[in-house]
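The following exercises concern the secondary structure and packing of one protein chain. Please work through each task with the structure in view before reading its solution.

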Amino acid sequence: MYRAELELEAELNNLIRVLGRSDLKSEVEMYSPSATGPLFDLACAGCAANQCIPCQSGLCVACPVHGGACRTVVFDAVVEAIKLARSAADKVDAAIAVPAAARGKEEKETVRLYKFFFCHDPSLYISWAGGPSGTTVSARLRAVADELNGGRRILFECRPDGGCNAFTIPGVHSTVFLCPPFWAVQGLPGLPEVNRRAATIIHEMLHNLYDLDDSTRFNHSDQPTPRRFDAHCYEAFLLRVNSYGSDRTDVDACMHAPCEVV
């Protein structure tokens, strides 16, 4: 064999050894565009095959979905949550994009609902925010949609607590705990179950992303939460502005919150 051929063979063998030690899959993932679409894990007991991951907390309960198709129910709710949040944000942005006198029927309805839940016109300038009130609300809703659409991997965990649809724990920013009422058929007027579950997930993601409180500020029970910082108000508003019914519990909780001093 000629010397040149020996050198080429040696180089090929060395290349094969290098490739054998490399993790090509990881490198492809590293330099590929980020995937879009819901990224989440579901930790519940009693799931059907490939529906859930093992429960690390030891506190999980079974989801009551017939056939154990728990992940399918959550996936459908997350997809709908992305649509609801983006649609509501679009409507708010459209309402503040034109002068009040030039608003059409849809923009006027958005403003009416915004005033009902947040106490003022979405175009009202908020000095500390440096822009219209509605810009903050729409930005938060878009951020929730983006995080649900692959921005982060979320853990949904089935818990036995029956007093709410879901809850979060302050400081645990990528976990949503789902309670039995979340899975139940509640039959609220004008509100399909998938939309109700979607709005619940948006509510909890607002806690995770912005630490928006419910009723009172966290660790300050003597300080009521202003409406634009209350997740109940967001949940009720985004359902109504998308022409769905709302959970009366959210509406009542929002109405008990004070209007923001601006």
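**Exercise 1. Strand pairing**

In which sense do β4 and β6 pair, and over how many bridges?

*Solution.* The model is a predicted one. In it, β4 and β6 are paired in the parallel sense, with four bridges between them. Across this pairing, Cys158 lies opposite Leu178 in β6.

**Exercise 2. The order of the sheet**

Determine the strand order of the open sheet that contains β4 and β6, and identify its edges.

*Solution.* Step 1: consider the partners of β4 and β6 in turn. Strand β4, residues 154-158, is joined to β1 by four bridges, and these two strands run parallel. Leu42 is placed opposite Phe156 in β4. On β6, two bridges make the connection to β5, and here the strands run antiparallel. Phe167 is found opposite Phe177 in β6.

Step 2: assemble the pairs. The four strands form an open sheet with the order β1-β4-β6-β5, and its pairing is mixed.

Step 3: locate the edges. β1 (40-43) and β5 (166-167) each have a single partner strand, so they stand at the edges and one side of each lacks a neighbour in the sheet.

**Exercise 3. Cover on the sheet**

Which residues show that both faces of β6 are covered, and which helix lies across β1, β4 and β6?

*Solution.* Step 1: sort the residues of β6 by face. Thr175 and Phe177 point to one side, Val176 and Leu178 to the other, and all of them are buried.

Step 2: examine the helix. Helix α3, residues 70-96, lies across β1, β4 and β6 (175-178), and its direction makes an angle of about 140° with β1.

**Exercise 4. A helix pair**

Describe the geometry and the composition of the contact between α5 and α7.

*Solution.* Step 1: compare the axes. Those of α5 (residues 133-151) and α7 (residues 193-210) come within 10 Å and cross at roughly 100°. The two helices are therefore roughly perpendicular to each other.

Step 2: list the participants. From α5 come Ala139, Arg140, Leu141, Ala143, Val144, Glu147 and Leu148, while α7 supplies Ile201, Ile202, Met205, Leu206, Leu209 and Tyr210.

Step 3: classify them. The contact has 11 nonpolar residues, two charged residues and no polar ones.

**Exercise 5. The whole chain**

How many helices and strands does the chain have, and what percentage of its residues is buried?

*Solution.* Step 1: the chain has nine helices and eight strands. Step 2: of its 262 residues, 43% are buried. Step 3: the chain exposes about 13,700 Å², of which carbon and sulfur atoms supply 56%.

Technical notes: Residues numbered from 1 in each chain as written. Predicted model: local features only at pLDDT ≥ 70, side-chain atom pairs only at ≥ 80, totals over all residues. Heavy atoms only, no water. Pairing = 2+ DSSP bridges. Contact = heavy atoms within 4.5 Å. Axes fitted to C-alpha atoms, helices over the stretch in contact; angles between N-to-C directions. Parallel < 35°, antiparallel > 145°, perpendicular 65-115°, else oblique. Nonpolar A, V, L, I, M, F, W, Y, C, P; charged D, E, K, R; others polar. Buried < 20%, exposed > 50% of the residue type's maximum accessible area, 1.4 Å probe, protein only. Areas by Shrake-Rupley, 256 points an atom, 1.4 Å probe, with all protein chains shown as cover.
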